[in-house]
Amino acid sequence: MESSPAAVLTPDCLIHIFTHLEPDDLKRASQVNKAWKEAAETPWLWRRLCLERWIFCNLSNTDSGIQSWKKYYFHRSKTEQHMASGCSMADYTCTTLRGHSGNIVGLQYLSNPDHQFDTGIWKSLVCTASGDCTVRAWSIQEGKQLWSTPVQEEPLVKLITVPQQDLVISADSKGKIKVWNGRTGDELAVSATLSTVRNLVTYNMDNRLCLTVGTGGGALITLTIPNLRQISHLSLMDAHAIDFLLVSPDQQWIIAGTKESNHVSAKVLRTECLMNSLDNDRLTADDLPLNGCFAACWLPKKSSRVVTIMHGNTMSSEISIITLDIILQKTKCKLEIRAEQVGNFTYKVAGWNNDILLEGRGINTIILAQGTELKLFSTDGIHLAGFCDHKEIISGISVDPFRVVTASMDLSLRVYTWKRQPNKCLSLESNYHLLGGSHLRSRGFGSVVCDYVSIVGVVQSKDGKDVLKAYCFNL
């Protein structure tokens, strides 16, 4: 009896043929016979499909077992289908999280965003800081508060989390910094900066975790984590408040700037310098050629590329959007920081407004939100997309490799998903609104954050007792 063609194909031949199949076809092929099943469930095939679709999936969270990459693919695909649809309660559940008796001034995820899709176990945790002098942790899937700190002496003004270490860091209105255990809410360390805190950033270089504080007096104070031992203090902005402070994706650079004066340049410096216990007089920062810079963001796929926004001349409502590559150049005597311009264009805004929200995607995509409009540009000024889905101003924005979510004072969130155009440029597709309730009790949404399975927004209440709206997407 002659063998069928399928029977004489070697495993390597089958695997090669299966590289041309779509995921659903590959799944069906595994049902033909034992040989096809073994070939179709080769981890390499499903790993390849995962990395083709999600270049941002965390490989350290995925086992090397036969089923893990396949399960990861289908679980994550199904979650994204619900998040892209969002049209009914079959796609998500909405929970209101109450507990704060004041305004919420900080909202961040404490859980690592790289969920283990192959286990089917979801655990999204967020932390909030409030003017009611407490820090709280919340479980999104369970819809409940996990812990609250004791009431502090002063209202809190800033919050940042370190998910990899299960740490939460808060700052109060008098400049007191505290580190909290993210699992229990216990206080771990405290440091009094004696300055108004405007920004907090963390970074990890050579397995050394540090916190840099930007103050209202224009200084950068760098502390160790978790014990908050001061490493360095740098006067940076000549008594002007540090309004933005951002760490580059590779954690080697920091850019800082102020909105208080058009005559003060944005500054860039190496995190390595802040992390070393140098004499404070030897600490220096390099000026960028950017007077009047009032906003900036790093492009996540180009570690040293920063987008900046500057005011145009005082007689126009145009802003200049300049993209720079930060380069460390070695000379005979020292290392010098250079800024090489790679993009420059102007954009006319509605009035004189510093409250433009700026985010980056990939190596050359810029997201701008001002008023009710959301705009998408390339770094050389090509207008890629524009939306006006909100009725009132956009108050917050969250960007990740799958979606963009905007929050608005019209008490809604708008969800957009990324798509790639035939010319390989990125664009956005406007999908749906998530509503936050009634304006009878609420003023609108403030900030918003999202991970791969949930979206959480702060609803600003008229009575001053802000709440969270949590949208958990089903599998």
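## Basis and overall make-up

Helices and strands are taken here as DSSP runs, of at least four residues for a helix (H or I) and at least two for a strand (E), and both are numbered from the N terminus. With that definition, the secondary structure of this chain, which is a predicted model, comes to 7 helices and 32 strands. The chain has 475 residues, of which 52% count as buried. Among the contacts with a separation of 6 or more, 46% are made by residues that stand 24 or more positions apart.

The confidence of the prediction has a mean pLDDT of 85 over the chain, and 86% of the residues reach 70 or more. One stretch to be read with caution is residues 59-67, where pLDDT stays under 50, and for this stretch the model has 18 contacts beyond four places in sequence.

## An open antiparallel sheet

Strands E6, E7, E8 and E9 form, in that order, an open sheet of 4 strands whose pairing is antiparallel. The edges are taken by strand E6, residues 156-162, and strand E9, residues 187-192; each of these has a single partner strand, so one of its sides is left without a neighbour in the sheet. On average, and with direction ignored, neighbouring strands of this sheet are turned by 15 degrees against each other.

The pairing of E9 can be followed down to residues, since strand E8, residues 176-181, runs antiparallel to E9 and is joined to it by 5 bridges. Lysine 178 has its bridge partner in E9, namely valine 190.

## Loops with particular backbone geometry

Aspartate 206 lies in the loop that connects strand E10 (197-205) with strand E11 (208-215). Although aspartate 206 is not a glycine, its phi is positive, at about 55 degrees. The relative accessibility of this residue is 72%, and because exposed means over 50%, aspartate 206 counts as exposed. In space, the C-alpha of aspartate 206 is 9.7 Å from the C-alpha of glutamate 272, while the two residues are 66 residues apart in sequence.

Glutamine 251, which is not a glycine either, also has a positive phi, here of about 65 degrees. Its place is in the loop between strand E14 (244-247) and strand E15 (253-257). With a relative accessible area of 26%, glutamine 251 is partly exposed. A further backbone feature is the cis peptide bond from isoleucine 225 to proline 226, which has an omega near 15 degrees. Proline 226 belongs to the loop between strand E12 (219-224) and strand E13 (230-235).

## A buried serine in strand E4

Serine 139 is part of strand E4, which covers residues 135-139. The relative accessible area of serine 139 is 1%, and the residue is therefore classed as buried. When neighbours within four places in sequence are left aside, the residues in contact with serine 139 are Ser124, Leu125, Lys144 and Leu146.

## Aromatic pairs and a charge over a ring

The whole structure contains 6 aromatic pairs. One of the pairs brings together phenylalanine 18 and tryptophan 36, whose ring centres are 5.5 Å apart and whose planes stand at 70 degrees, so that the pair is edge-to-face. This pair links distant parts of the chain, with phenylalanine 18 in helix H2 (residues 11-18) and tryptophan 36 in helix H4 (residues 34-40), 18 residues apart. Phenylalanine 18 has a relative accessibility of 3% and counts as buried.

In the pair of phenylalanine 345 and phenylalanine 377, the ring centres are 5.3 Å apart and the planes are at 40 degrees, so this pair is tilted. Here too distant parts of the chain are linked, because phenylalanine 345 lies in strand E21 (residues 335-348) and phenylalanine 377 in strand E24 (residues 373-378), which puts the two 32 residues apart. Both phenylalanine 345 and phenylalanine 377 are buried. In addition, Tyr92, Tyr471 and Phe473 form one aromatic cluster, and arginine 361 lies over the face of tryptophan 418, at 5.1 Å from the ring centre.

Conventions
Residues are numbered from 1 along each chain as its sequence is written. This is a predicted model: local features need pLDDT of at least 70, side-chain atom pairs count only at pLDDT 80 or more; totals for chains, interfaces and linings use all residues. Side-chain values use heavy atoms; hydrogens and water are left out. Two strands pair if DSSP finds at least two bridges between them. Axes are lines fitted to C-alpha atoms, for helices over the stretch in contact, and angles run from 0 to 180 degrees between N-to-C directions. Buried means under 20% relative accessible area, exposed over 50%, partly exposed in between (1.4 Å probe, protein chains only). pLDDT is the predictor's confidence in each residue, from 0 to 100. Contact means heavy atoms within 4.5 Å. Rings of Phe, Tyr and Trp (its six-membered ring) pair if their centres lie within 6.5 Å; planes under 30 degrees apart count as stacked, over 60 as edge-to-face and the rest as tilted. A charge sits over a ring if NZ of Lys or CZ of Arg is within 6 Å of the ring centre and within 35 degrees of the ring normal.
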